[in-house]
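Open the model in a viewer and set it to a cartoon view. The stops below say what to select and what is there.

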Amino acid sequence: ALPLFGIDKKEFCDNGQVTFTNYTLSNDPITSTVWDFGDGNSSSATNPSHNFTSPGTYIVKLSVNTQFQCPSSFTDTVRVYKTPVVSITGKDSVCLNIPETFLGSITQPDSTIKWAWNFGNGNSSQLQDGVTSFSNAGNFNIQLIASNKIGCADTSYHKAYAVPAPTAIPASNPITILSGGDAQLNMDYTGAIVSYNWIPSQNLSCNRCPNPLANPQFTTKYTVNITDRYGCTPKGDVTMKVVCNGQNYFIANT
């Protein structure tokens, strides 16, 4: 007998099914067919299929015997590659129009990995760590596909919520006061704001409160930097205009 078998390719992903085709030729009937897959498993089927669960190089052997006791064998090599197991690390809530980085990783290092990001906002990337920003509020399903050199691939998903940006809008702007007077910096706020910081802080009743009382000596533009619970940090401006109401002030020179 002349044993011979064929496979459509010799490189596979782990847990991928490999089908073997038996092309054995014999002048007398074959009475025994034994496949040794090189991983501790065997088969007596004529054209078996087998799953290699671990990456590695396997020597597959086909042994046959005939009615007249003419044994023979044939071997070939199968290479099995680890399918990458991919994951995404990144924020669950992101601010609008702020670039955010999402980290791609696999459980076993592989320099041949190709990365394919789909951020759900029309943007994509082929880098391991993807960077994107969201211009519209809402929920986005981020997808990452990692594939090795023979196409073994895994897909991971990460949900991200682009939160509406908080706002700080002056109730009136500018605010006019007489020299020596004061007025409250009234701002209309939206969003889950957790902190306020007014700049400049001089001549304010407080610089960490929403609506401080201001008594500047000169016309001053105040800026409030706000932070919401998601870490988004927009700002708002209001100008306090100081006037003398047409009066003259005389200061002695001695």
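The tour covers a group of strands, one residue in a strand, and a pocket.

**Paired strands**

This is a predicted model. Select strand β16, residues 138-147, and then strand β17, residues 153-163. The two run antiparallel and are joined by 10 bridges. To see one facing position, select G138, which stands opposite A162 in β17.

Move next to the turn of this hairpin, where five residues lie between β16 and β17. Pick G151 there: its phi is positive, near 95°.

Now add strand β11, residues 93-95. This strand runs parallel to β17, and three bridges join the two. Select C95 to find the position opposite V163 in β17.

**One residue in a strand**

Select strand β15, residues 129-132, and within it T132. Is T132 buried or exposed? T132 counts as buried because its relative accessibility is 5%, and the cut-off for buried is under 20%.

Show the side chains of T132 and N123: they make a polar contact at 3.3 Å. Then display the other residues in contact with T132 beyond its neighbours within four places in sequence, among them I98, P99, E100, F102, F119 and N121.

**The largest pocket**

Last, select K82, Q108, P109, D110 and N148. The largest pocket has a volume of about 160 Å³, and these five are the closest to its centre among the 16 residues that line it. What classes of residue make up the lining of the largest pocket? Eight are nonpolar, five are polar and three are charged.

Key. Residues numbered from 1 in each chain as written. Predicted model: local features only at pLDDT ≥ 70, side-chain atom pairs only at ≥ 80, totals over all residues. Heavy atoms only, no water. 1 Å grid on protein atoms, 1.4 Å probe; cavity = no way out; pocket = protein on both sides within 12 Å on 5 of 7 lines; lining within 4 Å. Points joined across faces, edges and corners; volume = space filled by probe spheres on them. Nonpolar A, V, L, I, M, F, W, Y, C, P; charged D, E, K, R; others polar. Helix = DSSP H or I, 4+ residues; strand = E, 2+ residues; numbered from the N terminus. Buried < 20%, exposed > 50% of the residue type's maximum accessible area, 1.4 Å probe, protein only. Polar contact = N/O pair within 3.5 Å; in protein donor to acceptor, adjacent residues only side chain to side chain. Contact = heavy atoms within 4.5 Å. Pairing = 2+ DSSP bridges.
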